[in-house]
Amino acid sequence: MSNANKIKQVLTGWYRQLDVPLLLLLCTITYSSLLVKFAGLVLAFVLRPDFRFKAGKGRLPLFYPAMIVIGLIYCLTHYNTLTQNYTLAALLSMLFWMVSFLTAHQLMLSVERSGSARAANTITFFLLLNAAVSLAAIGAIMLETHTINPFMYAGMNYHYHVSTGDHILGIFRDVSTTNSCIMLLGFVFFFFRGKYGYSILSLLIVLITTSNINNILLLVLCAGMLLFARTRLTRTLVFCFLSMILFFLVKVTPNNLRYTLEKFHATALIGDLPTENSELGIQHADEEAENNTTAARYDSELARENNIFREITIKEALYREKKKMEDISADSEFIRQQQASFRHNLVFSEKIYGDSLRSCTDNPSLQHKPGKWIAFDQTARYWTQNFSHFLIGAGPGNFSSKVAFKASGFGIFGNYPSRYQRITPTFKDNHLKVLTYFFIQPPDKHSVMNTPFSVYNQLAGEYGLAGLLAFVFLYVGYFLRRYSRLSYGKLLIPVVLLMLATDYWFEQLSVVVIFELLLFIDMKKNETDSSTVKKFAPSHDA
């Protein structure tokens, strides 16, 4: 048999094991572009034109329809606020819930028609494809920097260094956190299905994306896996995972670890961490000296300007930025991009908040807390201000959501038609102020811990008690009522509940999509499997 025929035979075998419509849906719905997401969902219904949702029979979570109903109730009870701009924002918010529901229907349809085994093969192929793209990205960075460890590479004006993981976007082309969260789910999925090689690969992708939040979650997750491990093999594997994580954090990405420890005030642990001069971060001495000088000057100037910013006006800060730009050499593209972003944030801040923005909270005890902590405090205070806020919130797109930020014109979640841009007073005085405040500071302040993004802020702030109850009983409750039919899903549920605190994952249409597919597969497999799956015990099926 010729090589061409062998390749054809292998590809045919793969094709027969995959659910192609499901694979196409996963590749499109998790992509960063909204246009691609919507087009992928339309294609899914063209390939599988089935609108028999059977939601009332417990087939799907009723959470999504409930959120649409709550949003409509708010609009009807606050009809006097329905301007053209708000109507568009509210409809866009409800559209995201509708798309989430339709996507969940297609995921369940794939599992029902193709079976759990074929759906599992498809998600496996999808995750491996993403791992290959991620490894190709880190490989390209190694070639560009001429070093085996770009996480400690101080050249190119610190273009990579601690930000290397931000460039590992996978096939999602979204922020690297999306890649990290999805591969973290894959890590658990593969481990409990006995695919230990794939599990290690998923773990590696999580580590190279250098998400500090997910690194902490990884350690907690492994501790939980170790607690429930019942065999010597699984305990040994978990110890190996922990060793791999700790080695990577201490030896490969010590600067990221140093940053995390500083944020948690664990400075006593920093002293023995490697620096850029270690063998893993080796580079030419003259290049290192030149780039360290340039980067240090940039960092100090930027930091000093932000300190001055609290005493001078934004216009003066902008003038300093303009003068600094004139002094930057033409080959410092990375610094130019940083400066352009910083200047954009200053202009936006001046437009919304006038000539100064000295703080993002009026609570003295929170002045030096992370932005996310401040945002949770703002949500709690707004939520308890009056009965209307408590019961039904500020309304879709009015307080804390991807739609609210998108409609503000800040640009962090893509473009929005300028004629329809809007900012409500509650949004302006709370979560928009938090994001703006930290984003007019140096880049190291632009971390997940300083953004107000969180599903819980969105539910409590925009949908009130009604939204929170819908989430608890109609979403979390949907899976808990099927708890006895879950294996790895028992661990994924708390993991995702923690992830939901870090971003607007329902509106992102990526992490939650993968989570729901994995849970549907788990439920279907254990529903039809004649053997009992032991609690937290890995299986070895395909």
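Of the 542 residues in the protein, 54% are buried. The model is a predicted one. The protein has 24 helices and 0 strands. Its exposed surface comes to about 24100 Å², with carbon and sulfur atoms supplying 62% of that. Among contacts with a separation of 6 or more, 75% join residues 24 or more positions apart.

**Nonpolar cores**

- In soluble globular proteins, nonpolar side chains tend to be buried together.
- The largest nonpolar core here holds 117 residues. Within this core, F63, I123, L185, F187 and F506 have the most contacts.
- Helix α5, residues 84–114, contributes the largest share of this core, with 14 residues.
- Another core lies apart from it and has 23 residues. F342, I352, Y353 and V434 are among them.
- V434 also belongs to helix α20, where it is buried. This helix spans residues 431–439 and is mostly covered, with 8 of its 9 residues buried. Besides V434, the buried residues of α20 are H431, L432, L435, T436, Y437, F438 and F439.

**F63 and its contacts**

- Which residues does F63 touch, leaving aside neighbours within four places in sequence? They are W97, L459, G467, A470, F471, L474, Y475 and F506.
- F63 is also part of an aromatic cluster. The other members are Y64, W97, Y456, Y463, F471, Y475, Y478, F479, F506, F515 and F520.

**Aromatic pairs**

- The structure contains 42 aromatic pairs.
- A pair of aromatic rings is described by the distance of the centres and the angle of the planes.
- Y64 and F506 form one such pair, with ring centres 5.9 Å apart. Their planes stand at 80°, and over 60 degrees counts as edge-to-face, so this pair is edge-to-face.
- The pair links distant parts of the chain. Y64 sits in helix α4 (residues 63–77) and F506 in helix α23 (residues 505–508), 442 residues apart.
- Y64 is buried, with a relative accessible area of 1%. F506 is buried too, at 2%.
- F189 and F190 make a pair as well, with ring centres 5.3 Å apart. Their planes are at 50°, so the pair is tilted.
- F189 has 0% relative accessibility and counts as buried. F190, at 1%, counts as buried as well.

**Salt bridges**

- Side chains of opposite charge can pair when their charged atoms come close. The structure has 6 salt bridges.
- R48 and D19 meet through their side chains in a salt bridge, at 2.9 Å from N to O. R48 lies in the loop between α3 and α4, and D19 in the loop between α1 (3–17) and α2 (20–29), so the pair ties together parts 29 residues apart in sequence.
- Are R48 and D19 buried or exposed? Both R48 and D19 are buried.
- R52 forms a salt bridge with D50, and their closest N and O atoms are 2.9 Å apart. R52 is exposed, with a relative accessible area of 56%. D50 counts as buried at 5% relative accessibility.
- D377 pairs with R381 in a salt bridge, the closest N and O atoms being 3.6 Å apart. Both lie in helix α16 (residues 371–383), 4 residues apart, so about one helical turn separates them.
- An α-helix has 3.6 residues a turn, so residues three or four places apart point the same way.
- R381 counts as partly exposed, at 38% relative accessibility.
- D50, R52 and R113 are joined into one network by salt bridges that share partners.

**A nonpolar patch on the surface**

- L24, V42, L43, V46 and L47 make a nonpolar surface patch of about 430 Å².
- Which helix gives the most to the nonpolar patch? Helix α3, residues 34–47, does so with 4 residues.
- V42 is a residue of helix α3. V42 has a relative accessible area of 55%, and exposed means over 50%, so V42 is exposed.

Methods. Residues are numbered from 1 along each chain as its sequence is written. This is a predicted model: local features need pLDDT of at least 70, side-chain atom pairs count only at pLDDT 80 or more; totals for chains, interfaces and linings use all residues. Side-chain values use heavy atoms; hydrogens and water are left out. Patches are made of residues with over 30% relative accessible area and no salt bridge: like charges are joined within 9 Å, nonpolar side chains (Val, Leu, Ile, Met, Phe, Trp, Tyr) within 5 Å. Accessible areas come from the Shrake-Rupley method with a 1.4 Å probe; for residues, only the protein chains shown count as cover. A salt bridge is a side-chain nitrogen of Lys or Arg within 4 Å of a carboxyl oxygen of Asp or Glu. Helices (H or I, at least four residues) and strands (E, at least two) are DSSP runs, numbered from the N terminus. Buried means under 20% relative accessible area, exposed over 50%, partly exposed in between (1.4 Å probe, protein chains only). A nonpolar core is a set of buried Ala, Val, Leu, Ile, Met, Phe, Trp, Tyr and Cys residues joined through side-chain atoms within 4.5 Å. Contact means heavy atoms within 4.5 Å. Rings of Phe, Tyr and Trp (its six-membered ring) pair if their centres lie within 6.5 Å; planes under 30 degrees apart count as stacked, over 60 as edge-to-face and the rest as tilted.
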